Amino acid sequence: MNALPLKENLKKYTGMASCPVRNVISRFSGKWTMLVLCVLAENEATRFNEIGRAIPDISPKVLTETLKSLEADGLISRKLYAEIPPKVEYSLTELGKSLMPLLGSLIEWALDNFNAIAKRERFPFEAR
């Protein structure tokens, strides 16, 4: 990244509606979003309850909201099968798949640096 003068940085990042950093990263930076994307990246098509079992501390309501948000942003697709009971599967779209190598780098960084950050705890890494 190139260093920009402060005035240009302020212009670039303060326009909430036009800032690509703010608007794009906010789409997948929620507490559960990256974990859901990782679960879907590891499986071709995944059902709601399977995602919930893979992330046991997410509530069904929050999982539903997260999936709806990811679908609205075009990162995942939802396929409904006309069966009784209804069967729904979620999978990454091509756009979602294109994000995963970048998230993979972030995950690798997190794994490499977790202990160093945990030593400097401002709060415990536990469910709150």
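**Figure 1. The whole chain combines six helices with three strands.** This is a predicted model, and a good place to begin is the order of its elements. From start to end, the chain runs α-α-α-β-α-α-β-β-α. It has 128 residues, and 23% of them count as buried. The accessible surface of the chain comes to about 9700 Å², with carbon and sulfur atoms supplying 58% of that area. Contacts also link distant parts of the sequence: among those between residues at least 6 apart, 42% join residues at least 24 apart.

**Figure 2. Helix H3 and its buried residues come into view.** Helix H3 spans residues 33-42, and its buried residues are Thr33, Val36, Leu37, Cys38, Val39 and Leu40. Which elements cover these buried residues of H3? The cover includes three strands, namely S1 (46-47), S2 (76-81) and S3 (87-92). It also includes helices H4 (48-54), H5 (60-72) and H6 (94-119).

**Figure 3. Here helix H3 packs with helix H5.** Two packed helices can be described by the angle between their axes and the distance between those axes. For H3 and H5, the angle is about 75° and the axes lie 10 Å apart. Angles of 65 to 115 degrees count as roughly perpendicular, so H3 and H5 are roughly perpendicular to each other. On the H3 side, look for Thr33, Val36 and Leu37, which meet Leu63, Thr66, Leu67 and Leu70 of H5. Sorted by class, this contact has five nonpolar residues, two polar ones and no charged ones.

**Figure 4. A close-up of Glu89 shows a residue of strand S3.** Is Glu89 buried or exposed? Its relative accessible area is 16%, and buried means under 20%, so Glu89 is buried. The side chain of Glu89 makes a polar contact with the side chain of Tyr81, at 2.8 Å. Leaving out residues up to four places away in sequence, Glu89 touches Ala45, Thr46, Arg47, Ser77, Arg78, Lys79 and Tyr81.

**Figure 5. Ser77 sits in strand S2.** With a relative accessible area of 29%, Ser77 is partly exposed. Which residues does Ser77 contact, leaving aside its neighbours within four places in sequence? They are Glu89, Tyr90, Ser91 and Thr93. To link this view with the helix pair, find Leu67, one of the H5 residues that meet H3. The C-alpha atoms of Ser77 and Leu67 are separated by 9.0 Å, and these residues are 10 apart along the chain.

Definitions and conventions
Residues numbered from 1 in each chain as written. Predicted model: local features only at pLDDT ≥ 70, side-chain atom pairs only at ≥ 80, totals over all residues. Heavy atoms only, no water. Helix = DSSP H or I, 4+ residues; strand = E, 2+ residues; numbered from the N terminus. Buried < 20%, exposed > 50% of the residue type's maximum accessible area, 1.4 Å probe, protein only. Contact = heavy atoms within 4.5 Å. Areas by Shrake-Rupley, 256 points an atom, 1.4 Å probe, with all protein chains shown as cover. Axes fitted to C-alpha atoms, helices over the stretch in contact; angles between N-to-C directions. Parallel < 35°, antiparallel > 145°, perpendicular 65-115°, else oblique. Nonpolar A, V, L, I, M, F, W, Y, C, P; charged D, E, K, R; others polar. Polar contact = N/O pair within 3.5 Å; in protein donor to acceptor, adjacent residues only side chain to side chain.
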